[in-house]
Amino acid sequence: MDQAHAEPNYMKIFWWLLALTIIEVAVVYAHLPKLTMVVALVLLALAKAFLVAWYFMHLRSEKTALIMMVGLPLLLLMDLLLGLMPDIAHHIF
């Protein structure tokens, strides 16, 4: 039996996405150290991806198994990035 779910407030999500994009642009123009800027931009991009997946892809109303199918690869990606961080830190760009 399908459960009915309330439609998200799409304008509210739009304004959050716009605010996060403006913050991303501000981070680039803030002349922060490269590592700080990259970490901030990645975190902001993950926040935007979460908002899009949670509301526009309707993961908010899906079962836990489907959420885990999205969440587990993100956790594995973070594990990969953290594991590669020592090698990346010593690479000269």
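Let's start at Val-38, which sits in helix 2. This is a predicted model, so please hear everything I say with that in mind. Val-38 has a relative accessible area of 41%, so we call it partly exposed. Now look across to Val-28, which is 10 residues away along the chain. The C-alpha atoms of Val-28 and Val-38 are separated by 9.1 Å.

Let me step back to the whole protein for a moment. There are 3 helices and 0 strands, and reading along the sequence gives you the pattern α-α-α. Of the 93 residues, 13% are buried. The protein exposes about 7,700 Å², and 75% of that area is supplied by carbon and sulfur atoms. As for contacts, take those between residues at least 6 apart in sequence: 56% of them join residues at least 24 apart.

Now on to helix 1, where I'd like to spend some time. Helix 1 runs over residues 10-29 and has 20 residues. From its first C-alpha to its last it reaches 29 Å, close to the 28 Å expected at 1.5 Å a residue.

Which residues of helix 1 are buried? They are Ile-13, Leu-17, Leu-20, Glu-24 and Val-27. If you look down the axis of helix 1, those buried residues fall within an arc of 75 degrees, so they line one face of the helix. As a reminder for anyone counting along with me, an α-helix has 3.6 residues a turn, so residues three or four places apart point the same way.

And what do the buried residues of helix 1 pack against? Their partner is helix 2. Turn helix 1 around, and the face away from its buried side carries the exposed residues Trp-15, Ile-22 and Tyr-29.

One name in that buried list deserves a second look, and that is Glu-24. Glu-24 lies in helix 1 and, at 14% relative accessibility, counts as buried because the cut-off is under 20%. Leaving aside residues up to four places away in sequence, Glu-24 touches Leu-41, Leu-44, Ala-45 and Lys-48.

Let's follow the last of those contacts over to Lys-48. You'll find Lys-48 in helix 2, which covers residues 34-56. Is Lys-48 buried or exposed? Its relative accessible area is 19%, so Lys-48 is buried, given that the limit is under 20%. With residues up to four places away in sequence again left out, Lys-48 touches Leu-17, Leu-20, Thr-21 and Glu-24. Leu-17 and Leu-20, like Glu-24, are on the list of buried residues in helix 1.

So what joins the side chains of Glu-24 and Lys-48? They meet in a salt bridge, at 3.0 Å from N to O. This pair links distant parts of the chain, with Glu-24 in helix 1, Lys-48 in helix 2, and their positions 24 residues apart in the numbering. The structure holds 1 salt bridge. In general, side chains of opposite charge can pair when their charged atoms come close.

From there, let's move to the aromatic rings. The structure holds 1 aromatic pair. Phe-14 and Trp-15 form that pair, and its geometry is edge-to-face, with 5.0 Å centre to centre and 70 degrees between the planes. Phe-14 has 40% relative accessibility, so it counts as partly exposed. Trp-15 comes in at 51% and therefore counts as exposed, since the cut-off there is over 50%. You met Trp-15 a minute ago, among the exposed residues on the face of helix 1 turned away from its buried side.

My last stop is a backbone detail. Which residue just after helix 1 takes a positive phi? That is His-31, with a phi of about 55 degrees, although His-31 is not a glycine. His-31 is found in the loop between helix 1 and helix 2. With a relative accessible area of 70%, His-31 is exposed.

To pull the threads together: the buried residues of helix 1 line one face and pack against helix 2. Glu-24 and Lys-48 join these two helices through a salt bridge, and His-31 sits in the loop between them. Thanks for listening, everyone, and I'm happy to go back to any of these residues.

Note on methods. Residues are numbered from 1 along each chain as its sequence is written. This is a predicted model: local features need pLDDT of at least 70, side-chain atom pairs count only at pLDDT 80 or more; totals for chains, interfaces and linings use all residues. Side-chain values use heavy atoms; hydrogens and water are left out. Helices (H or I, at least four residues) and strands (E, at least two) are DSSP runs, numbered from the N terminus. Buried means under 20% relative accessible area, exposed over 50%, partly exposed in between (1.4 Å probe, protein chains only). Contact means heavy atoms within 4.5 Å. Rings of Phe, Tyr and Trp (its six-membered ring) pair if their centres lie within 6.5 Å; planes under 30 degrees apart count as stacked, over 60 as edge-to-face and the rest as tilted. A salt bridge is a side-chain nitrogen of Lys or Arg within 4 Å of a carboxyl oxygen of Asp or Glu. Accessible areas come from the Shrake-Rupley method with a 1.4 Å probe; for residues, only the protein chains shown count as cover. The expected span of a helix is 1.5 Å times one less than its number of residues. The arc is that of the directions from the helix axis to the C-beta atoms.
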